Amino acid sequence: MSDPPTGETILVTGGAGFIGSHLVDALVDNNDVRVLDDLSSGRRDRVPADASLIEGDLRDDDALARATDGVDLIFHEAALVSVERSVDAPTESHAVNVDGTLALLERARVEDARVVVASSAAIYGRPEYTPIDEGHPTAPSSPYGLEKATVDEYARLYHELYGLETVSLRYFNVYGPGQVGGDYSAVIGVFLEQARAGEPITIDGDGTQTRDFVHVSDVVQANLLAATTDAVGEAFNVGTGSSVTIRELAETIREVVGSNSEIVHRDPRPGDIQRSRADVERGRTELGYEPTVPLEQGLATLAGSD
Ligand code: NAD
């Protein structure tokens, strides 16, 4: 396994957001780190003093040129991450998630910089089988999923056509400190809040839906490995390979918080996917990726923090 990047000039787009800020924290001591973020959902105070923040939109040529000037490596986390919002306003979501990424890839060509792209399990849509491997057909069920499938493919194509070093990481349900809302793992934050307040924990549907929740520190690990791997032009799932039912999640959260909230059920969410679980063997073999945080442990850490 290779060493993490050191002494490089690195851009983290979306570095003021949830995942991006954890990535910046992991890089900033040993590299020159820049963040490009329009602060639409990210927060200025998440960017450490040793990293420089360029406040601007990915689609702004000037901001993008400043952010990418002389970079060796780019972690592309900036996106409009709301599935719901992509359904309501697909044009806006496409403009940021696809056009913005394409503009970034073009700048990366000029700089000959490696790009690690945040893709998503949403590209698979309703799974035909689990665990979901990278060869699973993509059939996104939202504009957001389609946008991520498109940029995931663009990353591959930029490697094929232009020899650009790209890696796509298909995150499953990421959770961890500093997460605010979002569609993916918001359920963890909501359940934690309900459990702490002693209010009923509300499950949409019967709670038999399964999800693969991956701790943000493992997502950071996958990104650092992608930064130096020889397996460029490829895509990797980033999950744990295990899943839990939403009912089990509610029970575990109740336990780690030490709450006696009752668990109640509401109507199922329309279009909710029943089963999701990553096959992480490709990442294990080719990147040396190894998920390290079991859900119960990750939740216990979260339950203890505010
Ligand atoms: P986040 O909303 O916390 O971070 C996204 C960041 O991008 C924010 O800081 C936001 O201000 C910034 N941003 C949005 N539009 C921008 C624009 N036009 N120009 C510049 N900056 C912009 O979300 P996150 O959960 O940290 O997600 C990071 C990446 O991971 C995203 O690409 C997301 O699609 C992907 N992803 C996340 C999950 C998850 O479970 N959180 C799962 C799969 C994929």
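Start by selecting Tyr-154 in this predicted model: its relative accessibility is 28%, so Tyr-154 counts as partly exposed, falling between the 20% and 50% cut-offs. Keep Tyr-154 on screen and add Tyr-158, which sits 4 residues away, about one turn along helix α5 (residues 143–162). Is Tyr-158 buried or exposed? With a relative accessible area of 6%, Tyr-158 is buried.

Now look at how rings meet. A pair of aromatic rings is described by the distance of the centres and the angle of the planes. A search of the whole structure turns up 4 aromatic pairs. In the pair you have selected, the ring centres of Tyr-154 and Tyr-158 are 6.3 Å apart and the planes stand at 75 degrees, so this is an edge-to-face pair.

Next, add Tyr-162 to your selection. Ring pairs join Tyr-154, Tyr-158 and Tyr-162 into a cluster. While you are at Tyr-162, show Arg-109 too: the charged end of Arg-109 sits over the Tyr-162 ring, 3.7 Å from the ring centre.

For the last stop, leave the cluster and select Tyr-175 together with Phe-213, both of which are buried. How are their rings arranged? The centres of the Tyr-175 and Phe-213 rings lie 6.5 Å apart with the planes at 85 degrees, so the pair is edge-to-face. Colour the strands and you will see that this pair links distant parts of the chain: Tyr-175 belongs to strand β7 (residues 173–175) and Phe-213 to strand β10 (residues 213–215), with the two positions 38 residues apart.

Notes:
Residues numbered from 1 in each chain as written. Predicted model: local features only at pLDDT ≥ 70, side-chain atom pairs only at ≥ 80, totals over all residues. Heavy atoms only, no water. Phe/Tyr/Trp six-rings, centres within 6.5 Å; stacked < 30°, edge-to-face > 60°. Buried < 20%, exposed > 50% of the residue type's maximum accessible area, 1.4 Å probe, protein only. Lys NZ or Arg CZ within 6 Å of the ring centre and 35° of its normal.
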